[in-house]
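The exercises below concern a ligand site, pockets and cavities. Each task is followed by a solution in steps.

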Amino acid sequence: MKKVVLIFTCFFVLIQLYAEDGYNLWLRYNPVENKTLLTSYKQQITGIHFSGSSPTLLAAKEEILNGLNGLLQRKTPLTSLISNGTVIIGNSSSAQIAKAGLQNELKQINQEGFIIVTKTIAGKKCIIITGNSEVGVLYGSFHFLRLLQTHQPVNNLRIISSPKLKLRLLNHWDNLNRTVERGYAGFSIWNWHTLPNYIDKRYIDYARANASVGINGTVLTNVNANATILTKTWLEKVKALADVFRPYGIKVYLTARFSAPIELARMKTADPLNDSVRQWWVEKVKEIYSIIPDFGGFLVKANSEGQPGPQDYKRNHADGANMLADAVAPYGGIVMWRAFVYNPESNDRFKQAYEEFQPLDGKFRKNVMVQVKNGPIDFQPREPFSPLFGAMPKTPLMMEFQLTQEYVGQGTHLFYEAPWFKEVLEADTYTKGRGSMVAKVIDGTLDDHELTGMAGVSNIGNDINWCGHPFAQANWYALGRLSWDHELSSATIATEWIRQTFSNDKKAVTGIQKIMLNSHEALVNYMTPLGLTHIMYNGHHYGPMPWGNTLNRPDWNPVYYHRADSFGVGFDRTAKGTNALAQYKPEVRKQFEDINNCPDDYLLWFHHASWNHTMKSGRSLWNELCYRYNTGVDSVKSIIKQWNSLEKFIDKDRFVQVKQLLNIQLNDAVWWRNACLLYFQTFSKMPIPAQYEQPDKTLEHYRSIRVLFAPGN
Ligand code: GCV
């Protein structure tokens, strides 16, 4: 009997050991299995010559040694000598690097950039990893490991790389009670209860993962802010995290609740022009910096969705932002002031951020960035770029993308976001003529700004695999890589991620990449094709509810967005409608304002088009809608087929996990298609063409579906 128990226990332990839980993200450092490649790597990497012992350099050293141990299946020795295959790592001021004659290369990178070059030193062929700063060396080390993990040649390296953006941030919408607003991966990873004394290993792995893709800041708390975080007890907890992150080049930021002086100091007002209020913030900021000397600054959501703000005192956003900016300026801090504002009185939510913020261009302090969501509404599956990009040349604008999948399948749909992000980054604002891409607005090259940045609303929780859906990790990865270099293509980023996360096998890489690259269009088609917007369930935003019309605020109801009637569907934003198009430059306006030229993908964003309107395909709008919804469902079926064909390349755990989630995605896609087509059919009065699968349930059935529990809302 004892023997049986022992065998069973061993078996169980082995399974545990080999269970693939996704925790290691893209930092797996699995052995290089290809023998030829492994031999050549071993010849080209014979030892590590490491200079420096600061916490950042030690983090780089540990990562390199661990990484190489795993990849090359042997301990790579540290050496003080230079021989063939020595990898010399150190910052530009270290003795070995200073001798290497890299002055020209070093001039080409900025403070956070890195260089990885092959050099012959005293007749010995070496690889040098360096930068102008310690964090540059850390980034270079991670990049070197990326090359090996993705099986790239390392025999003749010349990589000179600098981040294009200064601030590369995650925005956590994490509450102090550990719930996460719009979080679909468990509870918050910040265990406030055990901080500051207990340092979960996760915090270190979080920092490693971020540093590996160049993310250099994290806003720890929800923009729907709680002032408690600014009290001493909580600041000590924040300090503990800041101490863990510092070696990895990551600064912490907090959200500032505008009414904090009232809530924490019982003041009568939070008016930004009131001297006592201003002084309260000066003192509070002084306290913060005395605890966290490299505190990054504040992110603020004000006068939006019930949050307090300067307008409560008849002041404007600049008044509010500047008050905080003045308080943090002496310490080099910054304020990221969000432009996500809308109120129920306006005739078009699309126009509001522009209306409130554009007139304030030039009125913000130098250390204020206005943080703008990619589109004018709210992280919809497809949105035109926010008209604020290009419209505030005197103000640095920071991009806000959403990694967490609020409107886009939450924790269950496979949705690779890089193509979603790139669509906006590559859009041309025409503010300074052709070629004035959104990317150039945010990287500062268009209007000559030094303060630049991109933020991603985090999709990280305490789930064992961090992000819930195994493929959601790719979105965290993509945010980092794009904020480093927005010119990287979605395909390149996907390839890197797949090779590090799943497999280097060519068939696996091609197959998974295809799935990822198709996932955006698939989701748009089965949720909101042709420019439909915000027709999700009220509140939790999961599943279709185009009939939604019961909330007090019209701009929270789906019917506000699609405006379907017996004539047609869509929101007229031309001069005949709300004229939101006037917020764009004429060249952009021109692309959208003529119903016959407007790209199909954006048609219903800008036009109330007749059900009989002839689309580019020659189909009527109604038939095109049927076609798109069905294409969306078919795409999910193809994705499932493709995934199933990859079984032999993927570990069982993740294969099964994704397979099950894809089945939910297919059910959801069918739900979306049937519910939306049946609903819109009540207006179009046209049949769903016979060649398509017909809904097997009634509209009443779909209307009666209640998603009772959706996490994170
Ligand atoms: C943090 C949307 C979301 C809210 C979110 C808000 C924002 O409205 O539904 O949960 O609040 O955006 O970005 O501030």
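**Exercise 1. The ligand site**

How far is an oxygen atom of the ligand from an N or O atom in the side chain of Lys-301?

Solution. The model is predicted. In this model, the separation between a ligand oxygen atom and an N or O atom of the Lys-301 side chain is 2.7 Å. Next, take Arg-338: one of its polar side-chain atoms is 2.7 Å from an oxygen atom of the ligand. Then take Asn-224, where a side-chain N or O atom is 3.2 Å from a ligand oxygen atom. Finally, consider the ligand's surface: alone, the ligand exposes 340 Å², and the protein buries 96% of that.

**Exercise 2. The shell around the ligand**

Find how many residues surround the ligand and sort them by class.

Solution. First, count the shell: 14 residues surround the ligand. The closest are Glu-181, Glu-305, Arg-338, Lys-373 and Glu-406. Second, sort the shell by class, which gives eight charged, three polar and three nonpolar residues.

**Exercise 3. The largest pocket**

State the volume of the largest pocket and describe its lining.

Solution. Begin with the volume, which is about 870 Å³ for the largest pocket. Its lining comprises 34 residues, and those closest to the centre are Arg-28, Tyr-29, Asn-30, Gln-500 and Phe-502. Now turn to the helices. Both α7 (201-212) and α16 (490-501) supply at least two lining residues each. The largest share, four residues, is from α7. By class, the lining of this pocket holds 14 nonpolar, 11 charged and nine polar residues.

**Exercise 4. The second largest pocket**

Repeat the analysis for the second largest pocket.

Solution. The space in the second largest pocket is about 550 Å³. Of its 23 lining residues, Glu-112, Lys-166, Asn-216, Gly-249 and Lys-251 are the closest to its centre. Among the elements, α6 (134-149) and β8 (251-255) each give at least two residues to this lining. With three residues, α6 gives the most. The class division is 10 nonpolar, seven polar and six charged.

**Exercise 5. Cavities**

How many cavities of 30 Å³ or more does the structure hold, and what lines the largest cavity?

Solution. Count first: the structure holds four cavities of 30 Å³ or more. The largest cavity has a volume of about 120 Å³. It is lined by 16 residues, of which Ala-339, Phe-340, Ala-353, Gly-375 and Pro-376 are the closest to the centre. Helix α12 (349-357) and strand β11 (368-373) each supply at least two residues of that lining, and α12 gives the most, with four. By class, the lining of the largest cavity has 12 nonpolar, two polar and two charged residues.

Now take the second largest cavity, which contains about 70 Å³ of space. Its lining includes Gly-183, Tyr-184, Leu-403, Cys-467 and His-469. The lining residues of the second largest cavity divide into seven polar, five nonpolar and no charged.

**Exercise 6. A tryptophan**

Is Trp-234 buried or exposed?

Solution. Locate Trp-234 first: this residue lies in helix α8 (residues 232-245). Its relative accessible area is 17%. The cut-off for buried is under 20%, so Trp-234 counts as buried. As a last step, compare positions along the chain and in space: Trp-234 and Leu-195 are 39 residues apart along the chain, and their C-alpha atoms are separated by 8.8 Å.

Terms used:
Residues numbered from 1 in each chain as written. Predicted model: local features only at pLDDT ≥ 70, side-chain atom pairs only at ≥ 80, totals over all residues. Heavy atoms only, no water. 1 Å grid on protein atoms, 1.4 Å probe; cavity = no way out; pocket = protein on both sides within 12 Å on 5 of 7 lines; lining within 4 Å. Points joined across faces, edges and corners; volume = space filled by probe spheres on them. Nonpolar A, V, L, I, M, F, W, Y, C, P; charged D, E, K, R; others polar. Near = heavy atom within 4 Å. Polar contact = N/O pair within 3.5 Å; in protein donor to acceptor, adjacent residues only side chain to side chain. Areas by Shrake-Rupley, 256 points an atom, 1.4 Å probe, with all protein chains shown as cover. Buried < 20%, exposed > 50% of the residue type's maximum accessible area, 1.4 Å probe, protein only.
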